[in-house]
Amino acid sequence: MVEMKMEIKEDDVEGGGKQIKGGITEPLIHASKVEQHHHPWMVYFTTFIAVCGSYEFGACAGYSSPTQDAIRKDLNLSLAEYSLFGSILTFGAMIGAITSGPIADFVGRKGAMRVSSAFCIAGWLVIYFSEGPVPLDIGRLATGYGMGVFSFVVPVFVAEIAPKELRGALTTLNQFMIVTAVSVSFIIGTVLSWRALAIIGLIPTAVLLLGLFFIPESPRWLAKRGRAKDFVAALQILRGKDTDISQEAEEIQDYITSLEQLAKPKMLDLFQRRYLRSLTIGIGLMVCQQLGGINGVCFYTSSIFDLAGFPSTTGSIIYAILQIVITGVGAALIDKAGRKPLLLVSGSGLVAGCIFTAVAFYLKVHDVAVEAVPALALTGILVYIGSFSIGMGAIPWVVMSEIFPVNIKGQAGSLATLVNWFGAWLCSYTFNFLMSWSSYGTFVLYAAINALAILFIVLVVPETKGKSLEQLQAAINA
């Protein structure tokens, strides 16, 4: 019965496409335009299930900060051993990033989320039962791997299922869930034991694994795999059963057919002129996001507040709440204001935040106007994190999930995600060395990098709001 229905729908789509050209079904198009504006709950539900992966990502990232003292005491770890535990996550994520594209292309977006969940569950359980540094590191490496896969597959899946006028907001939920999870871990980690916090890390994966049974696969992935019936059925579920999807289906199918005629790209083919622009945008934004100092500031927030003489617990709580609220504001604005304006506002604020913080440290080092230091440092850090949250935090992931054509999305997206994780590691690894070289010099350096990022955004990054993925990719990779 279901199959018959699907067949009819598929014929509708083909017929619909032909009729539209003849102009017979003109009213249908008007109807579909009207209907486009009430979005079926299925798109929201599917996005919610997918971003449980983002929440898991945040839970993994936020785990080591509140648990440091307890784990070191319980398992007698040296600082070096604990630092390895903290940073091995990033190496797991790099491996996850390299393999995420091929996995998501081979077993589908939902399949990749299942693989990722399995690694996270295994990792949390190993951490929970750990009695020494080795199992602790193995568990952390496994959760890192899962986190690396999620960081690619969640924004890509959400961008592929979302209607164009909601795509920015829904993809930004990825970042919103990450910062929420980090902040929640931060807060409940002060109350719970480190083993209990590890068990809580299992909850988002459980919701995700259960939810995957009730949501459709990405229609664009299905179309790319030549599964026409499933593609139409999935798109119809996402857009609502009464919506006319003939136009959208035809556009996706035509674009994928035109890509099929190209040879299957190998890693080195990504650097051909055809794809070079989208690759430059995707990787360039990841470099701008990470080298502007976010991970140093993130991991080092409480020490920066201590150093500046501001109570670090209060500072960290203000920081966490601000990050959640402003990321939410960014999600609300992204489809109205556009990607590029938010990135430019974000970049300018990052420069300002770095300058305030640099001035605070400069005064402290030279013993000038010392009473102004705590207020200046607090202002600097909060302006910095607020600016990061409005644009530079989420938008590079949104744009990465939009600009790569579906035939290179796996490889190009993996590469961009890998660059992001390498940048994250580089920034957090060098931060303490830079701070011991010169505290204000570090922030002057970050200000300069963020200023270069603004230049890059102005010259290279296109606006992507309000266009379908196919229109967008065709324009960029023309």
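This briefing covers helices H3, H6 and H7 and how they pack. The model is predicted, so local features need pLDDT of at least 70 and side-chain atom pairs count only at pLDDT 80 or more, while totals for chains, interfaces and linings use all residues. Residues are numbered from 1 along each chain as its sequence is written, and side-chain values use heavy atoms, with hydrogens and water left out.

**Helix H3**
- Helix H3 covers residues 41-61; helices here are DSSP runs (H or I, at least four residues), numbered from the N terminus.
- At 1.5 Å a residue, its 21 residues should span 30 Å (1.5 Å times one less than the number of residues), and the 30 Å between its end C-alpha atoms agrees with this.
- H3 has a kink of about 25° centred on alanine 50, the bend being the angle between axes fitted to the seven residues ending there and the seven starting there.
- Of the 21 residues of H3, 15 are buried (under 20% relative accessible area, 1.4 Å probe, protein chains only), so H3 is largely enclosed by the rest of the structure.

**H6 with H7**
- The axes of H6 (residues 108-129) and H7 (residues 133-161) come within 7 Å and cross at roughly 155°; axes are lines fitted to C-alpha atoms over the stretch in contact, and angles run from 0 to 180 degrees between N-to-C directions.
- H6 and H7 are therefore roughly antiparallel (over 145 degrees).

**H3 with H6**
- The axes of H3 and H6 come within 11 Å and cross at roughly 30°.
- That makes H3 roughly parallel (under 35 degrees) to H6.

Notes: Helices (H or I, at least four residues) and strands (E, at least two) are DSSP runs, numbered from the N terminus. Angles under 35 degrees count as roughly parallel, over 145 as roughly antiparallel, 65 to 115 as roughly perpendicular and the rest as oblique. Buried means under 20% relative accessible area, exposed over 50%, partly exposed in between (1.4 Å probe, protein chains only).
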